[in-house]
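Visitor: I am new to reading protein models, and I would like to go through one slowly with someone who can explain each step. Could we look at it together?

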Amino acid sequence: MSVRAAEDLASGDHACAVPVSDEQLWELTARFLSGGLRRNEKVVYFDDGTSERVLDRLTEDRMPVAATLRSGQLQVVPADVTRGAFRSPVADVRALLHSYVDGSVAQGWSGFRMTGQMSYGADAPAGIPMTAYDAALDDVVRERRLAALCLYDHGHYTQEQIERMRAAHREELTAPAAYDDGLLRITQTGVTAVRLAGEADHSNRPVIHKLITDTLDRALRSADAPTDIELNLASLRFIDVAGAVALVHAAEEFPSSHRLVLGDVRPGVQRVLDRCGAPFATQLLVREARQPPVRLPESADGPHGPRERRVAGAEPEAVGNGSRPEQDAPDDTEKTDASDASDAVDEDPRREPATEGAAG
């Protein structure tokens, strides 16, 4: 089996992925979907209760989610339809897949790709093993030149099921990380730039500190390296008070020639940073994230696109280990996490707002 990156998949590819954490699962899914959106392909996500988190990650990646949902380029198939497929004969599922591809051709898209959370089929509700459905999907991939990504995470599949499905695929996707403990995932995005996704607390605080000091050391030793050490926090949903204080203290130790830049900071994380002295750290720059609300899709009559259901003005429910609420919750929830910090600072003249709805 060959190993590839999600963004490299193209028409005619049928790969699997075995994420080691929820954050890697969302990262792989978003990379695969955004790759199709950029290629002007029809992109379909088969939902089984996870679509809100996927749409959230795409928004964090600066993809124009609302626009692609309205145009029908991005379609979320409701959970009842996804689960119903695994209660149907294989021939019916094959016909359904053909109808989705036919719909994308009729709409004029340059190609078709699909993925989703389909763990409902792991228990074979119709007495048909997942390998039979996967074989039918592989036939359609070969015949119609679509791209398909099958996701098998340890939270929904046993190791035996994962190995069985791995053996049924020709390719497996990978997404290397500098660090992933199941709670926090850190990926290198540039010479002096990294992305933090998940939750930062006492368990991974030393890793973040070492990351910053090592990156700064490399930058100081290189004449060509950027002077900004950038941490993208678009997908960081929680930070404890001690972690926020550690970021502020790390910035205070920077030489005047370099800065610690925190980008796309979510409002809840921003509030904790403010209470921990971020506005007063001269070598710290905070760029606030501004994310437009996303319209979630309603079930469609067929493969021809979604109907608008409602505006998701609030944050989705927490997905993952459920250890704590997200910090974009109402203030009374967030204040519990920051109760030991100093009073909030209402305005920071050095804070740079991010642009709204910018495409990546």
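What follows is a conversation in which a visitor asks about this predicted model and a guide answers.

Visitor: Before we go into detail, what percentage of the residues of the protein chain count as buried?

Guide: The protein chain holds 11 helices and 16 strands, and it exposes about 15600 Å², of which carbon and sulfur atoms supply 50%. Of its 360 residues, the share that counts as buried is 53%.

Visitor: Among contacts between residues at least 6 apart in sequence, what percentage join residues at least 24 apart?

Guide: The contacts to consider here are those in the protein chain between residues at least 6 apart in sequence. Among these contacts, the portion that joins residues at least 24 apart is 77%.

Visitor: Turning to helix 8, how far apart are its end C-alpha atoms?

Guide: Helix 8 runs over residues 205-221, and at 1.5 Å a residue its 17 residues should span 24 Å. The model agrees with that expectation, since the distance between the end C-alpha atoms of helix 8 is 25 Å.

Visitor: How wide is the arc that the buried residues of helix 8 cover around the axis?

Guide: The buried residues of helix 8 are Ile208, Leu211, Ile212, Thr215, Leu216 and Ala219. They lie on the same side of helix 8, because the arc they cover around the axis is only 120°. An α-helix has 3.6 residues a turn, so residues three or four places apart point the same way. To return to the value you asked for, the arc of the buried residues of helix 8 is 120°.

Visitor: Which residues are exposed on the other side of helix 8?

Guide: The buried residues of helix 8 are covered by elements that include strand 9, strand 10, strand 11, helix 9 and strand 12. On the other side of helix 8, the exposed residues are Pro206, Lys210 and Arg221.

Visitor: Which element gives the most residues to the largest nonpolar core?

Guide: The largest nonpolar core has 34 residues, and those that touch the most other members are Leu196, Leu231, Leu260, Leu262 and Leu284. Several elements each supply at least two residues of this core, including strand 9, helix 8, helix 10 and strand 13. With six residues, the element that gives the most to this core is helix 9.

Visitor: Which residue of helix 8 is in contact with leucine 231?

Guide: Leaving aside neighbours within four places in sequence, leucine 231 is in contact with Val194, Leu196, Ile212, Leu247, Leu260, Val261, Leu262 and Gly263. Among the buried residues of helix 8 is one that also appears in that list, namely Ile212.

Visitor: How many disulfides does the count come to?

Guide: A disulfide would need a pair of cysteine sulfur atoms within 2.5 Å. The sulfur of cysteine 16 has its closest cysteine sulfur in cysteine 150, at 7.4 Å, and this is too far for a bond. Cysteine 16 is buried, with a relative accessible area of 0%, and cysteine 150 is buried as well, with a relative accessible area of 10%. The count of disulfides therefore comes to zero.

Visitor: Is aspartate 138 buried or exposed?

Guide: Aspartate 138 lies in helix 6, which covers residues 130-144, and, not counting residues up to four places away in sequence, aspartate 138 touches His14 and Arg170. A residue counts as buried when its relative accessible area is under 20%. The relative accessibility of aspartate 138 is 13%, so aspartate 138 counts as buried.

Visitor: Which exposed residues does helix 7 carry on the face turned away from its buried side?

Guide: In helix 7, residues 159-167, the buried residues are Gln161, Ile162 and Met165. Seen down the axis, these fall within an arc of 100°, so they line one face of helix 7, and what covers them includes helix 6. The face turned away from that buried side carries the exposed residues Glu160 and Ala167.

Visitor: Lastly, how far apart in space are glycine 36 and alanine 147, C-alpha to C-alpha?

Guide: Glycine 36 lies in helix 1 and counts as buried, at 0% relative accessibility. Not counting residues up to four places away in sequence, glycine 36 touches Glu41, Val43, Gln73 and Arg113. Glycine 36 and alanine 147 are 111 residues apart in sequence, while their C-alpha separation in space is 8.9 Å.

Key
Residues are numbered from 1 along each chain as its sequence is written. This is a predicted model: local features need pLDDT of at least 70, side-chain atom pairs count only at pLDDT 80 or more; totals for chains, interfaces and linings use all residues. Side-chain values use heavy atoms; hydrogens and water are left out. Helices (H or I, at least four residues) and strands (E, at least two) are DSSP runs, numbered from the N terminus. The expected span of a helix is 1.5 Å times one less than its number of residues. Buried means under 20% relative accessible area, exposed over 50%, partly exposed in between (1.4 Å probe, protein chains only). The arc is that of the directions from the helix axis to the C-beta atoms. Contact means heavy atoms within 4.5 Å. Accessible areas come from the Shrake-Rupley method with a 1.4 Å probe; for residues, only the protein chains shown count as cover. A nonpolar core is a set of buried Ala, Val, Leu, Ile, Met, Phe, Trp, Tyr and Cys residues joined through side-chain atoms within 4.5 Å.
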